[in-house]
Structure formats: C-alpha cells, structure tokens
Amino acid sequence: MADLTPQKPLANVPELTVSELAGAIKRALEDGFGYVRLRGEVSGYRGPHSSGHCYFALKDDKARIDAVVWRGVWGKLKVKPEEGMEVVVTGKVSSFPGSSKYQIVIEALEPAGAGALMALLEERKKRLAAEGLLAPERKRPLPFLPRVVGIVTSPTGAVIRDMLHGFTERFPTRVIVWPVRVQGDTCAAEVAAAIRGFNSLAEGGRIPRPDVLIVARGGGSLEDLWGFNEEIVARAAAESRIPLISAVGHETDWTLIDLVADARAPTPTKAAEWAVPKHSELILQTGDLATRLAAGIRRAIETRRTELKAAARGLPRPTDILALPRQRFDAAEKRLSRGLVANTRAHALGLARVAGRLRVGTIAERLVRQRQRLGETSARVGQALLANTRAHTLRLARVSVRLRPAALADRIARAAERADGLDARARQALANRVLQRRRLLDGSAKLLASLSYQSVLARGFAVVRGADGAMIRSVRGIAAGDPLEIELHDGRVRAEARGSSDPGAHGPAGGAGRPGRTAGKAKGSGQGTLF
C-alpha cells in the first residue's frame with residue numbers, strides 16, 4: 001500500500017513567485033520549440049478583435065491549441081482564416097501567463113494545399129448563389145457601341161497593350177484605365193475600389209462615366225488569381241450598375257468574379273472584341289442592309305404597281321358611269337318645264353283669292369291703331385325720363401354736399417409732408433452710403449499702397465530690368481555689355497553691364513529688393529557708375 005503521509009518540502013528548493021514561474025515556462029517553450037509549422041483546422045474564428053488582433057484555435061481529431069495573429073501580421077496575410085478551414089501556419093510556440101495556457105503566435109498562414117483553396121472557393125460560390133448573385137436573369141446585355149470603355153488592370157503588363165491593340169484594330173474608342181495590382185495582398189481591395197470608383201463617376205462629369213467595364217488579368221496559378229476569388233471583388237462586381245466583362249486568366253481558368261460578371265471572356269483580347277464591334281464588319285453589314293432595303297423597296301413598288309393595274313382593270317369606264325346620271329338628268333329636265341307651268345298657275349289662283357281680302361279701309365284702320373299706340377308709348381317714355389332725371393339730380397345734390405375743398409386740401413397737405421420726410425430720409429441714406437463707400441475706397445487705396453512694390457522702392461531698393469523689359473533676379477542672367485534699365489522710386493535710368501562678380505559672395509540680386517553686384521555706367525544723364 002502506498003504511503004500517503006505528506007512529504008516535507010526540501011529546504012534547498014528555491015522559492016519562486018507565480019510570475020517568475022510563468023515567465024520561466026514561457027522562455028522554456030519559446031527556446032525549446034522556436035519556429036514550427038503546424039497543420040490543423042481553424043476553430044472558434046470570430047474575425048479580428050476590436051484591438052486588431054485575431055484569436056482562434058487550431059485542432060485535429062485528438063488535440064487543440066490556441067492561436068493568435070497580431071495586428072501587424074494580420075494585414076499581411078494573403079489568405080484570411082475562416083471557420084473550418086484547414087491551414088498550415090508558421091509561428092512560435094509561447095504561453096500566456098495570465099491564464100496559464102500555451103499558444104502559437106502565427107506569423108504566416110496558408111491553406112493546406114490546393115484542395116483547401118478549392119473547398120473554400122466552393123463554399124463562397126454556394127454562399128453567393130444562395131443570395132442570388134449568380135442567377136442568369138440578373139446579368140445585363142452589353143451595350144452595342146459604347147462611347148467609353150473602363151478597364152481595371154495593371155498598367156504595366158502585356159494585357160493592357162493587347163487590349164488597346166484590339167480596340168485600335170476593331171473600333172477605335174475612348175479607353176479609361178484604372179491602375180490596380182492584379183496579384184498580391186492588396187489586389188482584391190484595389191480591384192473592388194476601382195469597380196466602385198467607376199460606378200461613382202457622374203454622368204457628364206469631367207471624367208466621363210464608362211458604358212462598359214472590363215476587369216482583366218493574364219493567366220497564372222490558383223494562388224496568383226486568388227485576389228479575384230475574394231468576396232469583396234465579387235460583391236463589387238454584383239453591385240456594379242455598369243455592365244461588366246470579366247477577363248481574368250486564360251480560357252481554362254475561372255474565378256469567382258467570372259460567375260458574377262455580366263459576361264465572361266476567355267482572354268483579355270477577346271474581352272476587347274466583345275466590348276466593341278468590328279468597324280469593317282459594321283460597314284459591310286450596313287452596306288448589306290442598304291442593299292436589302294433598296295431591293296425591298298423595289299419589290300414593294302412593283303407589287304403596288306401590279307395591284308394598281310389589276311384594280312384599274314376592274315373599274316368601269318367613265319362613260320358607263322356617267323350614262324345613267326345623264327339619262328336621269330334629261331328626264332328631270334322634261335319634268336321641270338311642266339312643273340314650272342303648273343306652279344305658276346297655282347300661285348296665280350292663290351293670289352286671286354287673297355286679292356279679294358286686301359281692302360284700303362282695312363289698311364287705314366290698322367295705321368290709325370298703330371299711330372295711337374305710338375302716341376301712348378311716347379307719353380310714357382317722356383314721364384319715365386323726367387322721373388329718372390329728378391332722381392339723379394337729388395343724388396348729385398347729396399353727393400355734392402360731401403365734396404368740400406377743405407378736405408381735399410388737408411389730404412394734399414399730409415401727402416406733401418410725408419413726401420418731404422421721405423425725401424430727407426433718402427438724401428441722408430444716400431449721403432451715408434457715399435460716405436461708407438468713400439471710407440472703403442480709402443482703405444483699399446492704403447492697402448494697395450502698402451502692398452505695391454513702389455513703397456519698397458521708396459525705402460531705397462531698385463528694380464533691374466533687361467532690354468526686353470523683363471525683371472532680372474540674378475547676376476547669372478547678365479552678360480557684359482547688356483543694356484539695363486534701373487527703376488528707382490523717383491524715376492528710371494539706363495545703364496550698361498560691365499561684368500559680374502560671384503553671385504554667391506553677395507547674395508541674391510534683382511527683383512523688388514537690393515540689386516546684384518552688377519557694374520554699370522549711366523547713359524545720357526551723366527550720373528556715372530551706380531554700383
């Protein structure tokens with residue numbers, strides 16, 4: 001049976017603090033293992049912490065180890081970890097004394113072979129397909145004849161030269177290149193920013209907005225093309241309001257942007273051919289359409305002419321059309337003469353019957369009655385006119401009482417007084433305005449005088465000009481015998497250069513400061529040497 005009696009601690013064992021022991025364990029781990037390459041599955045990944053560091057774990061079927069990626073290393077990783085992704089990391093084994101755990105500090109991370117990259121790519125493809133970004137119905141047709149083509153690619157590679165050569169051969173058009181890196185850590189961010197930058201251009205702005213975009217890159221390995229498999233690039237292509245052609249890699253290569261783009265070209269040169277039509281083919285097609293149009297017009301005219309002739313043969317002759325109406329007209333003429341005679345006789349009988357009732361006495365009686373009615377109406381009109389005149393006279397009399405000259409004079413006096421007041425205020429406002437403008441003008445004149453180079457000349461400085469009138473700022477621009485003009489504060493004098501000394505020994509010359517050490521002699525004024 002084992003002895004369970006507690007052992008006494010050895011007296012010669014040194015006493016350590018918890019921090020000292022934790023530090024010793026940390027140094028032992030770091031010195032014992034150094035750098036290691038570790039393969040495992042990412043577990044517990046939640047993205048970078050608010051501090052910028054990233055914490056997760058690596059595991060296999062039997063063990064688990066904590067992992068940390070510092071903020072400075074995180075930005076340099078070509079492939080970012082994802083939950084469940086199998087990776088191979090390189091780093092140092094260390095410990096965290098605060099929780100008595102050992103961990104690996106990762107300095108490099110890569111997928112565990114091409115199979116892992118393809119699995120990650122398939123996972124992203126399924127996620128984008130679930131959001132509907134790969135649906136065929138959301139793809140838009142390319143414009144037939146774009147005025148401006150935007151290209152996102154490297155400006156130094158052979159791709160852009162091949163594409164520009166293709167545009168020149170097929171249909172010269174305006175091309176705007178957004179330079180990006182097509183490989184490396186910043187490739188995905190730059191390509192996504194370029195796509196969004198082209199879409200943010202305003203219509204009719206200083207930089208024209210492209211009608212179609214082309215994202216192009218030459219062929220390469222899966223790792224070289226990985227920047228175009230990032231979700232940020234695929235989502236930027238899906239958000240693009242401008243139709244987008246993907247031309248990444250060769251015909252056998254495919255990336256995530258190829259599935260989201262509106263069209264996928266097998267090569268960058270083929271993308272240039274898809275973007276614009278061929279000029280010679282357009283000319284041939286236009287000529288063919290013009291020939292077909294002319295032939296169609298001729299056939300239509302011949303058809304209409306044949307139909308017109310057939311219709312003309314079916315119409316009756318004009319004489320046959322007019323024969324029946326002419327016959328009816330002759331019959332009506334015969335009946336008209338007999339009808340006129342009968343009508344005249346009937347009207348004569350009617351007038352004879354009426355003439356018996358037309359007596360002179362009846363007409364006279366009607367005239368007397370009408371004359372009486374006229375007299376009565378005239379009398380009533382006269383009375384009504386007299387009554388209306390009296391009423392208006394009374395109304396005018398009542399109104400004339402209220403129309404007094406004194407009231408009008410008072411209103412005129414008040415109006416004149418108000419006009420005088422307004423005139424005085426207007427004169428005072430005008431005087432204040434003139435005074436304010438005069439003060440502003442005086443201030444501007446003083447500011448102009450203080451800033452003018454004339455004030456500098458008045459302090460003893462001079463301006464030296466050459467024969468062409470240009471200001472000379474250094475003695476290096478003067479050769480012996482050159483004519484000079486020197487402006488002082490009270491006038492100008494002409495001089496001639498005799499030579500120059502080393503400009504470095506005397507400082508700068510010319511301008512609105514002290515002139516250089518240029519020897520000269522006055523002309524015509526007798527003033528002698530100035531310097």
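**View 1. The open sheet and its edge, where Ile245 stands opposite Ala263 in strand 10.** In this predicted model, strand 9 (residues 244-248) and strand 10 run parallel and are joined by 2 bridges. They belong to an open sheet of 5 strands, which follow one another in the order 7-6-8-9-10 with parallel pairing. At the edges of this sheet lie strand 7 (174-179) and strand 10 (263-264), each of which pairs on one side only.

**View 2. The closed barrel of 5 strands, with mixed pairing.** The strands of the barrel run in the order 1-2-3-5-4, and neighbouring strands are turned by 55° against each other on average, direction ignored. Strand 2 (residues 54-59) pairs with strand 3 (residues 64-69) in the antiparallel sense over 6 bridges, and Cys54 has Val69 in strand 3 as its bridge partner. Helix 1 (residues 18-33) lies across strand 1, strand 4 and strand 5, running at about 140° to strand 4.

**View 3. The aromatic cluster formed by Tyr45, Phe56 and Trp74.** The structure holds 3 aromatic pairs; one of them joins Tyr45 and Phe56 edge-to-face, with 6.2 Å centre to centre and 75° between the planes. Tyr45 and Phe56 are both buried. The charged end of Lys80 sits over the ring of Trp74, 5.7 Å from its centre.

**View 4. The edge-to-face pair of Trp178 and Phe198.** Here the ring centres are 5.2 Å apart and the planes stand at 70°, so the pair counts as edge-to-face. Because Trp178 lies in strand 7 and Phe198 in helix 5 (residues 187-200), the pair ties together parts that are 20 residues apart in sequence. Trp178 is partly exposed, at 31% relative accessibility, whereas Phe198 is buried, with a relative accessible area of 1%.

Notes: Residues are numbered from 1 along each chain as its sequence is written. This is a predicted model: local features need pLDDT of at least 70, side-chain atom pairs count only at pLDDT 80 or more; totals for chains, interfaces and linings use all residues. Side-chain values use heavy atoms; hydrogens and water are left out. Two strands pair if DSSP finds at least two bridges between them. Helices (H or I, at least four residues) and strands (E, at least two) are DSSP runs, numbered from the N terminus. Axes are lines fitted to C-alpha atoms, for helices over the stretch in contact, and angles run from 0 to 180 degrees between N-to-C directions. Contact means heavy atoms within 4.5 Å. Rings of Phe, Tyr and Trp (its six-membered ring) pair if their centres lie within 6.5 Å; planes under 30 degrees apart count as stacked, over 60 as edge-to-face and the rest as tilted. Buried means under 20% relative accessible area, exposed over 50%, partly exposed in between (1.4 Å probe, protein chains only). A charge sits over a ring if NZ of Lys or CZ of Arg is within 6 Å of the ring centre and within 35 degrees of the ring normal.
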